[in-house]
Protein chains: 2
Amino acid sequence: MLDRVSGTLRQHGYRITPQRKAVLETIARAGGYLAPSEVYERVRRKHPSIGLATVYRTLDVLKSLGVICEILAAGDVRTYTLGAPDHHHHLICSGCGRVTDFITRGLEELQQRLELESGFAIEGHVLEFIGRCPDCRSGSMG
Amino acid sequence: MLDRVSGTLRQHGYRITPQRKAVLETIARAGGYLAPSEVYERVRRKHPSIGLATVYRTLDVLKSLGVICEILAAGDVRTYTLGAPDHHHHLICSGCGRVTDFITRGLEELQQRLELESGFAIEGHVLEFIGRCPDCRSGSMG
DNA sequence: CTTACTGCAAAGGATTTGCAGTTAA
DNA sequence: TTAACTGCAAATCCTTTGCAGTAAG
């Protein structure tokens, strides 16, 4: 994975730096979605001198290359995970904020209908469900 | 409309103030979606002394009562329009930012499937399509 | 070597909060 | 009368930017 991303970075004239590797590995290892501040905290464990600005800049680069995907969740938090957008959707817990992905089809038809009816050239979509995850339903978290 | 909302406000122990009326009327008259700063600018034309904080506070109140609906659009802009969420979805122009609503069904089935598969108690959803509107497709806006 | 990248600190923009005065009910 | 509301200014929070030094290629 790192090899592939390194290639992508190089192809676009970006350099491979320890900071970029660390950010990417952190997101990859997390599995779920991390906010910039969370990425920062985790990267700092191994790489204490990294600056928050570098994390933001790295997230921008990786996002612009499609290496990571940003979700526009409720509560104005940006979070990031590995992978390109649009291939999956999100199920967000209103209790703990955890994000689960799901895949669905059928949006293509809807998209076609919308293009016809609205005249838009549709480029992408966001589909998020918000609810309470099993843990938060049973637990004492509110 | 204002009467209905006044009733709602009163029922919840909120007072009817000129500022709240002005914010509500501004959003109602706009038809589309307004960011807090846009609401503020427009309200100021008729009500020059209003403060931005009051606009934010009013938006919070109206949103919490379901009188207005907030969309979580790309680019980290919050915008508001009349009406409760979840009854419609959004088609957002990536050129000019204008938002069009659409209504669709079929998400209920998907929701049921997700509840079964994930164990979530789903409370709501967001469905947004992003694309270029007819004006921006034909015009010179990029 | 060259120039992209980094860390730091300062700047920026959006939203929230504290407070004393005001006003709806 | 009285408690919710307001405007203002300051405070917060998140993100971006300027800069001089560092390091990838």
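Helices here are DSSP runs of H or I with at least four residues, numbered from the N terminus, and I use that numbering throughout these entries on a predicted model.

**Entry: helix α5 of chain A**

I began at the end of the helix, where A:G119, just after α5(A), takes a positive phi of about 80°. I then checked the length of α5(A), which runs over residues 107–118: at 1.5 Å a residue its twelve residues should span 16 Å, and the end C-alpha atoms are indeed 16 Å apart, so expectation and model agree.

Next I asked which residues of α5(A) are buried. I found A:L107, A:L110 and A:L114, and because they cover an arc of only 60° around the axis, they sit on the same side of α5(A). On the face turned away from that buried side I noted the exposed residues A:E109, A:Q112 and A:L116.

I also looked up what the buried residues of α5(A) pack against, and the partners come from both chains: β3 (89–93) and β5 (121–132) of chain A, together with β4 (99–102) and β5 (121–132) of chain B.

**Entry: how the two chains are related**

I laid chain A on chain B and obtained an RMSD of 0.2 Å, with a turn of 179° and a shift of 0.0 Å along the axis. The two copies are thus related as by a two-fold rotation axis. Searching chain A for the residue that comes closest to this axis, I arrived at A:L127, whose C-alpha lies 2.2 Å from it.

I then compared the interface residues of the two copies: 100% of those in chain A are also interface residues in chain B, so the copies meet through the same surface.

**Entry: DNA strand C**

Which elements each supply at least two residues of the surface near DNA strand C? I list α2 (18–30) and α4 (52–64) of chain A, together with α4 (52–64) of chain B; the largest share, four residues, comes from α4(B). Of the 20 residues around the strand, I noted that A:T17, A:Q19, A:R20, A:T54 and B:Y56 come nearest.

I turned to the DNA side and found that, of the strand C atoms within 4 Å of the protein, 72% belong to sugar or phosphate and the rest to bases. For the phosphates I recorded a polar backbone atom of A:R15 at 3.1 Å from a phosphate oxygen, and a backbone N or O atom of A:G51 that lies 3.1 Å from a phosphate oxygen. For the bases I recorded B:R15, which has a polar side-chain atom 3.2 Å from a base nitrogen of DNA strand C.

How values were computed. Residues are numbered from 1 along each chain as its sequence is written. Chains are lettered from A and ligands numbered from 1 in the order in which they are written. This is a predicted model: local features need pLDDT of at least 70, side-chain atom pairs count only at pLDDT 80 or more; totals for chains, interfaces and linings use all residues. Side-chain values use heavy atoms; hydrogens and water are left out. Copies are superposed by least squares on the C-alpha atoms of residues with pLDDT of at least 70 in both. Contact means heavy atoms within 4.5 Å. The expected span of a helix is 1.5 Å times one less than its number of residues. Buried means under 20% relative accessible area, exposed over 50%, partly exposed in between (1.4 Å probe, protein chains only). The arc is that of the directions from the helix axis to the C-beta atoms. A residue is near a molecule or strand if one of its heavy atoms lies within 4 Å of it. A polar contact is a pair of N or O atoms within 3.5 Å; within protein, one must be able to donate a hydrogen and the other to accept it, and residues adjacent in sequence count only if both atoms are side-chain atoms.
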